[in-house]
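Please open the model in your viewer and keep the sequence panel at hand. The stops below proceed by selection, each followed by what is found there.

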Amino acid sequence: MVDGFGHVSVRHDKSPDRFLMARSMAPALVTADDIMEFDLDGNAIDARGRAVYLERFIHSEIYKTRPDVKAIVHSHSPAVIPFGVTGVPLRPVFHLTAFLGTGVPVFEIRDAGGDATDLLVRNPTLGAALAKTLGDKTVALMRGHGSVAVGNSLQQVVYRAVYTEVNARLQSDAMRLGTVNFLTPGEAAKAAITGDGLIGRPWDLWKRRAMKDAK
């Protein structure tokens, strides 16, 4: 989900007005020594000369407006991007993506920054606009850029980021075949609860793979 680009953060477990995120680097190469602490204005607490992500305001502004959010993933997963530029809604096509059933809004950066931005959320104003678009949803698309997923734990948000990409691929395939029978709101609500109880299964697998790759 995040190899060369994108970033992951978690709210500080003891200071809810702080969050943890790596220094500016390829996410797949991050180690514990690369983790930095930030306040909810996106300021590094102890930078020590380390470069920070330009788009840290994605995280700071969402944490500021969503006290329920404990972790965030911003990625550029390729199958998702077409849904942010075509007007075709991303909707849940199978039970593992039921968390998309509450709706997936699209952030149009032009509405907040005009047509002179580079599509990066590089200041608090753009971050606040993205947080407003996200609202109380689990995922928001970013037109011409990627997506942001939120969750109540690191495990949950990684699960949501991964399966948002899977759903986008499946939905694109299904739409080429014909009319798609999406999950109903009732099915999505029920399946989302079930899915949250199972995230430990793929998490253990992904963690093992990540630790193996890090050796």
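Contact here means heavy atoms within 4.5 Å. The model is predicted, and residue numbers run from 1 along the chain as its sequence is written.

**First stop: the interior**

Select Val139 and display its surroundings. Once neighbours within four places in sequence are set aside, Val139 is in contact with Phe99, Leu100, Gly103, Val104, Pro105, Leu134, Val148, Ala149 and Thr164.

Next, add Leu90, Leu141 and Tyr163 to the selection. Together with Val139, these are the residues that touch the most other members of the largest nonpolar core, which has 28 residues. To see where this core comes from, colour strand E4 (71–75), strand E6 (139–142), helix H5 (154–177) and helix H7 (200–214), each of which supplies at least two of its residues. Which of the elements gives the most to this core? The answer is H5, with eight residues.

Then select Leu40, Ile62, Phe107 and Met142. They are among the 25 residues of another core, which lies apart from the largest one.

**Second stop: two loop residues**

Most residues other than glycine have a negative phi. Two exceptions merit a selection of their own.

Go to the loop between strand E3 (35–39) and helix H1 (56–65), where Arg48 is placed. Arg48 is not a glycine, yet its phi is positive, at about 50°. Is its side chain buried or exposed? Arg48 counts as exposed because its relative accessibility is 63%, and the cut-off for that class is over 50%.

Now move to the loop between helix H3 (110–113) and helix H4 (124–134), in which Leu119 is found. Leu119 also has a positive phi, near 75°, and is likewise a residue other than glycine. With a relative accessible area of 24%, Leu119 is partly exposed, a class that lies between under 20% and over 50%.

**Third stop: the largest pocket**

Select Val8, Pro27, Leu154, Trp203 and Ala210 and centre the view on them. The largest pocket holds about 1,300 Å³ of space, and these five are the closest to its centre among its 35 lining residues.

Which elements give two or more residues to this lining? They are strand E1 (7–11), strand E2 (18–22), H5 and H7. H7 gives the most, with eight residues. Finally, colour the lining by residue class: 24 of its residues are nonpolar, five are polar and six are charged.

H5 and H7 are worth keeping on display, as each supplies at least two residues of the largest core and two or more residues of the pocket lining.

Definitions and conventions: This is a predicted model: local features need pLDDT of at least 70, side-chain atom pairs count only at pLDDT 80 or more; totals for chains, interfaces and linings use all residues. Side-chain values use heavy atoms; hydrogens and water are left out. A nonpolar core is a set of buried Ala, Val, Leu, Ile, Met, Phe, Trp, Tyr and Cys residues joined through side-chain atoms within 4.5 Å. Buried means under 20% relative accessible area, exposed over 50%, partly exposed in between (1.4 Å probe, protein chains only). Helices (H or I, at least four residues) and strands (E, at least two) are DSSP runs, numbered from the N terminus. On a 1 Å grid over the protein atoms alone, a cavity is a set of points where a 1.4 Å probe fits but cannot get out, and a pocket is an open set with protein on both sides within 12 Å along at least five of seven lines; lining residues have an atom within 4 Å of a point. Grid points are joined across faces, edges and corners, and a volume is the space filled by probe spheres set on the points. Ala, Val, Leu, Ile, Met, Phe, Trp, Tyr, Cys and Pro count as nonpolar, Asp, Glu, Lys and Arg as charged, and the others, Gly among them, as polar.
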